[in-house]
There are 2 protein chains.
Amino acid sequence: MAEPLTLINAFEVPGEEAEQFIAAWEKTRDYLATQPGYVDTALHQAVMPGADFQFVNIAHWQTAEDFRAAIQSPGFLESAAGLAGYRPHPGLYQLVRT
Amino acid sequence: MAEPLTLINAFEVPGEEAEQFIAAWEKTRDYLATQPGYVDTALHQAVMPGADFQFVNIAHWQTAEDFRAAIQSPGFLESAAGLAGYRPHPGLYQLVRT
């Protein structure tokens, strides 16, 4: 079986909206964690002001198809409504060098 | 001792320049790996076209000061010269939610 894929999603979030963003992210995570192919997720926050992205989520999914099905599933839009104001930069990645 | 910090650096790289970018990244990695506080690094490549960032590097450093010292050290600019054409979006992060 292939290695899980890494979803990396960098979010543009103003400094003062950190708590609001985290609450919205948690709601989305709780929904996605119920979907087939979900492996894990880890939300990272910049430790100092000035980063282009205050938050970066690093998650794992079994396959690209699983991830796509999850974000096209009926409950996703409602679960992610709170994230709508934060511009995301998502991509599915594989490890190429260490 | 505090947990190592996570450096996340998303690079804007045109699709056709992947090999050139990887070679330049490897040269920079070889230099940074000699510096105090370096823990590890992992270069991720998008698995399909269309991601805003073809490459995202996820590394760990013992402290923010170690990372800053490394990129201000005399050998860094020369080692990283090949990356100059690729716009980076670096930040130091801590894990806040899983």
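1. Start at A:Tyr86. Setting aside neighbours within four places in sequence, A:Tyr86 is in contact with A:Phe11, A:Glu12, A:Val13, A:Pro14, A:Glu17, A:Gln20 and A:Phe21. Bear in mind that this is a predicted model.

2. Where does A:Tyr86 sit? Its place is the loop between α3 (76-79) and β4 (88-97) of chain A. A:Tyr86 has a relative accessibility of 4%. Buried means under 20%, so A:Tyr86 counts as buried. A:Gln54 lies 32 residues from A:Tyr86 along the chain, and the C-alpha atoms of the two are separated by 11 Å.

3. A:Tyr86 also belongs to a group of rings. One aromatic cluster is formed by A:Phe11, A:Phe21, A:Phe55 and A:Tyr86. Two of the residues that A:Tyr86 contacts, A:Phe11 and A:Phe21, are thus named again in this cluster.

4. Aromatic pairs come next. The count is 11 over all chains. Take A:Phe21 and A:Phe55: why is the pair called stacked? The ring centres are 4.5 Å apart and the planes meet at 25 degrees; planes under 30 degrees apart count as stacked, so this pair qualifies. The pair links distant parts of the chain. A:Phe21 is in helix α1 (residues 18-32) of chain A, A:Phe55 is in strand β3 (residues 55-61) of chain A, and their positions lie 34 residues apart in sequence.

5. Are these two rings on buried or exposed residues? A:Phe21 has a relative accessible area of 0%, so A:Phe21 is buried. A:Phe55 is also at 0% relative accessibility and counts as buried.

6. Another aromatic pair crosses between chains. A:Phe53 and B:Phe53 are edge-to-face, at 5.7 Å centre to centre and with 70 degrees between the planes. A:Phe53 is in the loop between β2 (38-46) and β3 of chain A. B:Phe53 is in the loop between β2 (38-46) and β3 (55-61) of chain B. Both A:Phe53 and B:Phe53 are buried.

7. Now chain A as a whole. How many helices and strands does chain A have? There are three helices and four strands. Along the sequence they follow the pattern β-α-β-β-α-α-β. The radius of gyration of chain A is 14 Å; the globule rule gives 13 Å for 98 residues, and the two values are close, so chain A is as compact as a globular protein of that length. Along the principal axes, the C-alpha atoms of chain A fill a box of roughly 40 × 35 × 15 Å.

8. Packing and surface of chain A. Of its 98 residues, 47% are buried. Among contacts in chain A with a separation of 6 or more, 73% are between residues 24 or more positions apart. The accessible surface of chain A is about 5100 Å². Carbon and sulfur atoms hold 54% of that surface.

9. Charges in chain A. There are 5 positive and 12 negative side chains. The centres of the two sets lie 7 Å apart.

10. Last, a residue in chain B. B:Ala70 is part of helix α2 (residues 64-71) of chain B. Its relative accessibility is 1%, so B:Ala70 counts as buried. Which residues does B:Ala70 touch, apart from those up to four places away in sequence? They are B:Tyr31, B:Leu32, B:Gln35, B:Trp61 and B:Phe76. B:Pro36 is 34 residues from B:Ala70 in sequence, yet 7.5 Å from B:Ala70 in space, C-alpha to C-alpha.

How values were computed
Residues numbered from 1 in each chain as written. Chains lettered and ligands numbered in written order. Predicted model: local features only at pLDDT ≥ 70, side-chain atom pairs only at ≥ 80, totals over all residues. Heavy atoms only, no water. Helix = DSSP H or I, 4+ residues; strand = E, 2+ residues; numbered from the N terminus. Buried < 20%, exposed > 50% of the residue type's maximum accessible area, 1.4 Å probe, protein only. Contact = heavy atoms within 4.5 Å. Phe/Tyr/Trp six-rings, centres within 6.5 Å; stacked < 30°, edge-to-face > 60°. Rg over C-alpha atoms; globule rule 2.2 N^0.38 Å. Areas by Shrake-Rupley, 256 points an atom, 1.4 Å probe, with all protein chains shown as cover. Lys, Arg positive; Asp, Glu negative; His and termini not counted. Charge placed at Lys NZ, Arg CZ, Asp CG, Glu CD.
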